[in-house]
Amino acid sequence: TYKREELMQEVQMHMSERRFQHVLGVEEMAVALAAKYGASKEKASIAALTHDYAKERPDEEFELIIKRDGYDQQLLAYGNAIWHGLIGASMVQRELGIEDEEILEAIRLHTTGAAAMSLLDKIIYVADYIEPGRKFQGVKEAREIALIDLDEAVAYETKHTLQHLIEQEQRIYPKTIETYNYWVVGKA
Ligand code: DGI
Ligand code: FE
Ligand code: FE
Ligand code: FE
């Protein structure tokens, strides 16, 4: 196998028990979606287990990396919500030794999505939204759609997340808008 137990332990050490339970829920959902849509279950498992690996790192650590490693300095205007996947993927690579580019890309895109998403990217993006522990208005409908049409589930999640962010007057990351334009408005 791919040392799932070791990976789980490593991830568990870096987060609260509550968040770890979320990660296990995402894994369960991602593996189920991989089976349904014909993706690698092993890659789905690894990406799911590591997608929020960096979520509890201090802001100062992300800020240092953004300034040091040639990231777009506009990133400094955002926060952990945007940093933990995009920059977290590089921590997963360096600290957990995961070199599979498909897995790293799924981690990078798991919060914002993108216009161009691989099957694995979509699976992690959607699994994160509908894992069994999630409880919010609309999650039941999102789960139903995900079993029928993965692209529709990407669109549903994107639209509802953006609506929620706008209601809260949160700063919208350009990639989030790119995802909305492509998957909700139309594949122009
Ligand atoms: O890490 P999780 O809580 O499991 O979920 P996530 O990584 O999908 O999302 C983390 C947060 O990021 C969530 O509250 C929604 C938010 N988010 C998504 N797109 C944007 C965003 N926040 C801002 N400010 N801007 C965005 O474009
Ligand atoms: Fe996340
Ligand atoms: Fe998400
Ligand atoms: Fe998550």
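Biologist: Which residue caps the N-terminal end of α7?

Modeller: Helices are DSSP runs of H or I with at least four residues, and strands are runs of E with at least two, numbered from the N terminus. At the start of α7, the backbone nitrogen of Glu 102 has a side-chain oxygen 2.8 Å away. That oxygen belongs to the capping residue, Asp 100.

Biologist: What kind of model is this?

Modeller: Residues are numbered from 1 along each chain as its sequence is written, with chains lettered from A and ligands numbered from 1 in the order written. Side-chain values use heavy atoms, without hydrogens and water; local features need pLDDT of at least 70, side-chain atom pairs count only at pLDDT 80 or more, totals for chains, interfaces and linings use all residues, and the model is predicted.

Biologist: Which residues of helix α7 are buried?

Modeller: Buried means under 20% relative accessible area, exposed over 50%, and partly exposed in between, with a 1.4 Å probe and protein chains only. The buried residues of α7 pack against α3, α5, α6, α8 and α11, where contact means heavy atoms within 4.5 Å. In α7, which spans residues 101–109, they are Ile 103, Leu 104, Ala 106, Ile 107 and Leu 109.

Biologist: How far from the iron ion (ligand 2) do its protein donors lie?

Modeller: Donors are N, O and S atoms within 2.8 Å of the metal (3.2 Å for Na, K and Ca); water is not among the atoms, so sites may look incomplete. In sequence, the donor residues are spaced D-x31-H-x25-H. Asp 52 (OD), His 84 (NE2) and His 110 (NE2) lie from this ion at 2.1 Å.

Biologist: Which residue coordinates both the iron ion (ligand 4) and the iron ion (ligand 2)?

Modeller: The iron ion (ligand 4) has His 22 (NE2), His 51 (NE2), Asp 52 (OD) and Asp 128 (OD) as protein donors. His 51 is in the loop between α3 and α4 and Asp 128 is in helix α8, so this pair ties together parts 77 residues apart in sequence. The two ions are 3.6 Å apart, and both are coordinated by Asp 52.

Biologist: How far from Asp 52 is the nearest side chain of opposite charge?

Modeller: Lys and Arg count as positive and Asp and Glu as negative, while His and the chain ends are not counted. A salt bridge needs a side-chain nitrogen of Lys or Arg within 4 Å of a carboxyl oxygen of Asp or Glu. Asp 52 lies in the loop between α3 and α4. Asp 52 is buried and has no salt bridge, with Arg 19 at 5.0 Å.

Conventions: A polar contact is a pair of N or O atoms within 3.5 Å; within protein, one must be able to donate a hydrogen and the other to accept it, and residues adjacent in sequence count only if both atoms are side-chain atoms.
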